[in-house]
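Colleague: Could we go through this model together? I would like to begin with the aromatic rings and then turn to other topics.

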Amino acid sequence: MSDHYYQAHVFVCQNERPAGHERGCCNSKGATKLRNYMKVRAKELGIPMTRINTAGCLDRCELGPVMVIYPEGTWYRYETMEDIDAILDDHLVGGQVVERLQLSPDQ
């Protein structure tokens with residue numbers, strides 16, 4: 001048993017910019033639908049001590065949609081429900097980074 005309230009905290013960008021904005025935004029790329037799916041699947045899988053939160057702008061708009069998982073500070077770009085499943089299964093359940101979706105610090 002951990003001495004923390006949550007073992008993992010997932011911040012999923014839901015920022016919305018005006019249509020045509022030069023940086024784009026995660027929300028226009030399906031972030032809300034995929035965040036909602038992630039919340040439902042995490043509950044269905046019974047992933048313990050994990051909180052999936054809506055976040056404002058995470059400032060990686062051009063790469064979106066993006067999320068960051070703490071305490072590791074692992075950043076992901078995702079596009080599909082299959083990507084979300086991989087993050088849930090491999091990272092949050094299995095403790096392994098999903099390298100094909102991971103963002104590097106210089107991106």
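Colleague: How many aromatic pairs does a search of the whole structure find?

Modeller: This is a predicted model. The search of the whole structure gives two aromatic pairs. One of them is formed by Tyr-5 and Tyr-6, an edge-to-face pair with 4.8 Å from centre to centre and 80° between the planes.

Colleague: Is Tyr-5 buried or exposed? And what does Tyr-6 count as?

Modeller: Tyr-5 is exposed, because its relative accessible area is 68%. Tyr-6 has 28% relative accessibility, so it counts as partly exposed.

Colleague: Which residues form an aromatic pair at 6.1 Å centre to centre?

Modeller: Those are Phe-11 and Tyr-70, and the pair is edge-to-face with 65° between the planes. This pair links distant parts of the chain: Phe-11 belongs to strand S1 (residues 8-13) and Tyr-70 to strand S3 (residues 66-70), 59 residues apart. Phe-11 counts as partly exposed because its relative accessibility is 26%. Tyr-70 is also partly exposed, at 37% relative accessibility.

Colleague: What sits over the ring of Trp-75?

Modeller: The charged end of Arg-60 does, 4.6 Å from the centre of that ring.

Colleague: A change of topic: to what does the count of disulfides come?

Modeller: The count is zero disulfides. A disulfide is a covalent bond between the sulfur atoms of two cysteines.

Colleague: Why is the sulfur of Cys-25 without a bond to the closest cysteine sulfur?

Modeller: The closest cysteine sulfur is that of Cys-26, and there is no bond because the two sulfur atoms are 7.2 Å apart, which is too far. Cys-25 counts as buried, since its relative accessibility is 3%.

Colleague: And where is the nearest cysteine sulfur to Cys-57?

Modeller: That sulfur belongs to Cys-61 and is 3.7 Å away, and Cys-57 is in no disulfide. A disulfide would need the two sulfur atoms to be within 2.5 Å. Cys-57 is partly exposed, with a relative accessible area of 37%.

Colleague: Now the sheet. What order do the strands have?

Modeller: The four strands form an open sheet in the order S2-S1-S3-S4, and the pairing is mixed. Strand S2 (50-55) and strand S4 (74-77) are at the edges; each has a single partner strand, so one side of each has no neighbour in the sheet. From one strand to the next, the twist averages 20°.

Colleague: How many bridges join S1 to S3?

Modeller: Four bridges join them, and the two strands run antiparallel. Within this pairing, Phe-11 stands opposite Val-68 in S3. Phe-11 is the residue that also forms an aromatic pair with Tyr-70.

Colleague: In what sense do S3 and S4 pair?

Modeller: S3 and S4 pair in the antiparallel sense, over four bridges. Val-68 stands opposite Trp-75 in S4, and Met-67 stands opposite Tyr-76 in S4. The two strands form a hairpin with three residues between them, and Gly-73 in the turn has a positive phi of about 75°.

Colleague: Why is S3 largely enclosed by the rest of the structure?

Modeller: S3 is largely enclosed because four of its five residues are buried.

Colleague: Which strands does helix H1 lie across?

Modeller: Helix H1 (residues 31-45) lies across S1, S2 and S3, and runs at about 165° to S2. Helix H2 (residues 81-93) packs on the sheet too, where it touches S1, S2, S3 and S4, and its direction makes about 15° with that of S3.

Colleague: Which residues of H2 are buried? And what covers them?

Modeller: The buried residues of H2 are Asp-83, Ile-84, Ala-86, Ile-87, Leu-88, His-91 and Leu-92. What covers them includes S1, H1, S2, S3 and S4. In an α-helix there are 3.6 residues a turn, so residues three or four places apart point the same way.

Colleague: One last point: which residue takes a positive phi just after H2?

Modeller: That residue is Gly-95, with a positive phi of about 75°.

Methods: Residues are numbered from 1 along each chain as its sequence is written. This is a predicted model: local features need pLDDT of at least 70, side-chain atom pairs count only at pLDDT 80 or more; totals for chains, interfaces and linings use all residues. Side-chain values use heavy atoms; hydrogens and water are left out. Rings of Phe, Tyr and Trp (its six-membered ring) pair if their centres lie within 6.5 Å; planes under 30 degrees apart count as stacked, over 60 as edge-to-face and the rest as tilted. Buried means under 20% relative accessible area, exposed over 50%, partly exposed in between (1.4 Å probe, protein chains only). A charge sits over a ring if NZ of Lys or CZ of Arg is within 6 Å of the ring centre and within 35 degrees of the ring normal. Two strands pair if DSSP finds at least two bridges between them. Axes are lines fitted to C-alpha atoms, for helices over the stretch in contact, and angles run from 0 to 180 degrees between N-to-C directions. Contact means heavy atoms within 4.5 Å.
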